[in-house]
Amino acid sequence: MESSTDPAPLIVLAVVAAVVVIAVVVALNRAVERRYSRTVAEWAAARGWRFREGGGGAWASRLPKGVRSGVRLEVEGTVTGVAHTYPVTVAHYWWQTQHQQAVQHARQVMVGKQYQTKWETRWETKTVTHDLTVHVVRLPRPVPQIAVEPRGLGSRAARSVGLSSGRETGDDQFDRRFKVETAAGPAGSFQLPAALLRAHCDDAVPLWSAHGHELLSTQDHKLRPATIDDFTSRLVRVADSLAAGR
């Protein structure tokens with residue numbers, strides 16, 4: 001006489017184990033986030049800056065296109081202070097996207113008088129969390145809406161046949177690698193200083209955008225105190241150049 005094994009107890013045990021694991025992971029994530037906020041707050045306090053959870057500013061419309069298109073941005077935390085005489089704000093944004101992926105699942109089926117494992121493919125939705133650190137330096141005087149962006153392969157190919165998008169600066173090395181985007185207006189209404197073009201070619205300054213009194217740049221990761229000073233110093237170099245006009 002053949003015997004069969006009832007899979008019900010094993011299924012119940014697996015469900016209970018999964019619930020326990022999820023609870024532990026959630027608790028660990030919360031502990032990590034609390035430790036992260038405490039670390040940033042202590043770093044800010046040590047240099048006379050201020051940290052607060054949430055915050056941010058009206059910069060969403062100027063964030064990279066892939067970030068602001070159809071996603072909900074959340075602000076994890078913000079630090080504010082003064083660097084090289086400039087008021088500075090650094091904010092940690094995060095958002096989530098969803099992707100479909102194929103996942104193999106096992107299920108027990110009765111074949112004759114015995115249970116056997118059968119594998120099947122199911123499409124499941126995977127949620128991915130993205131992080132972005134936004135640096136904002138307040139300029140002493142307003143500037144027109146302008147941004148320095150990298151040229152992609154398409155833009156480089158178009159430029160090679162005389163169909164360049166963006167403004168040309170006259171610096172061929174800069175124009176091959178970057179493009180300047182401005183608001184509608186006369187092409188010569190605002191010229192970037194030559195020293196700033198050179199700094200971009202030397203990778204000494206980050207990509208940026210400016211509008212009015214706000215100079216903005218981003219990093220594709222969480223707010224990391226260890227990187228703030230260096231990144232802010234390089235962005236301040238852009239601010240100095242714009243303020244001096246050279």
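In this predicted model, Arg234 and Asp230 are four residues apart in helix 6, so about one helical turn separates them. Their side chains meet in a salt bridge, with an N to O distance of 3.6 Å. Arg234 counts as partly exposed, its relative accessibility being 25%.

The helix that carries this pair, helix 6, runs over residues 225–244. Its 20 residues reach 29 Å from the first C-alpha to the last, close to the 28 Å expected at 1.5 Å a residue. A good number of its side chains can be picked out as buried: Pro225, Ile228, Phe231, Thr232, Leu235, Val236, Val238, Ala239, Ser241 and Leu242.

Helix 6 also takes part in a salt bridge that reaches beyond the helix itself. Here Asp229 pairs with Arg47, and the closest N and O atoms are 2.7 Å apart. Arg47 lies in the loop between helix 1 (8–46) and strand 1 (50–53), whereas Asp229 belongs to helix 6, so this pair ties together parts that are 182 residues apart in sequence. Both partners are partly exposed: Arg47 has a relative accessibility of 33%, and Asp229 has a relative accessible area of 36%.

A further salt bridge is found in helix 4 (residues 172–177), where Asp172 and Arg176 are four residues apart, about one turn of the helix. The N to O distance between these two side chains is 2.4 Å. Asp172 is partly exposed at 41% relative accessible area, and Arg176 is likewise partly exposed, at 44%. In total, the model contains six salt bridges, including the three described here, Arg234 with Asp230, Arg47 with Asp229 and Asp172 with Arg176.

Attention then turns to His135, a residue of strand 4 (residues 114–150). With a relative accessibility of 1%, His135 counts as buried, because the cut-off for that class is under 20%. The side chain of His135 makes a polar contact with the side chain of Gln219, at 2.8 Å. Leaving aside residues up to four places away in sequence, His135 touches Thr89, Val90, Leu215, Leu216, Ser217, Gln219, Ile228, Phe231, Thr232 and Leu235. Among these neighbours, Ile228, Phe231, Thr232 and Leu235 are also listed with the buried residues of helix 6. The contacts of His135 thus bring the account back to helix 6, with buried residues of that helix touching a buried histidine in strand 4.

Definitions and conventions
Residues are numbered from 1 along each chain as its sequence is written. This is a predicted model: local features need pLDDT of at least 70, side-chain atom pairs count only at pLDDT 80 or more; totals for chains, interfaces and linings use all residues. Side-chain values use heavy atoms; hydrogens and water are left out. Helices (H or I, at least four residues) and strands (E, at least two) are DSSP runs, numbered from the N terminus. The expected span of a helix is 1.5 Å times one less than its number of residues. Buried means under 20% relative accessible area, exposed over 50%, partly exposed in between (1.4 Å probe, protein chains only). A salt bridge is a side-chain nitrogen of Lys or Arg within 4 Å of a carboxyl oxygen of Asp or Glu. A polar contact is a pair of N or O atoms within 3.5 Å; within protein, one must be able to donate a hydrogen and the other to accept it, and residues adjacent in sequence count only if both atoms are side-chain atoms. Contact means heavy atoms within 4.5 Å.
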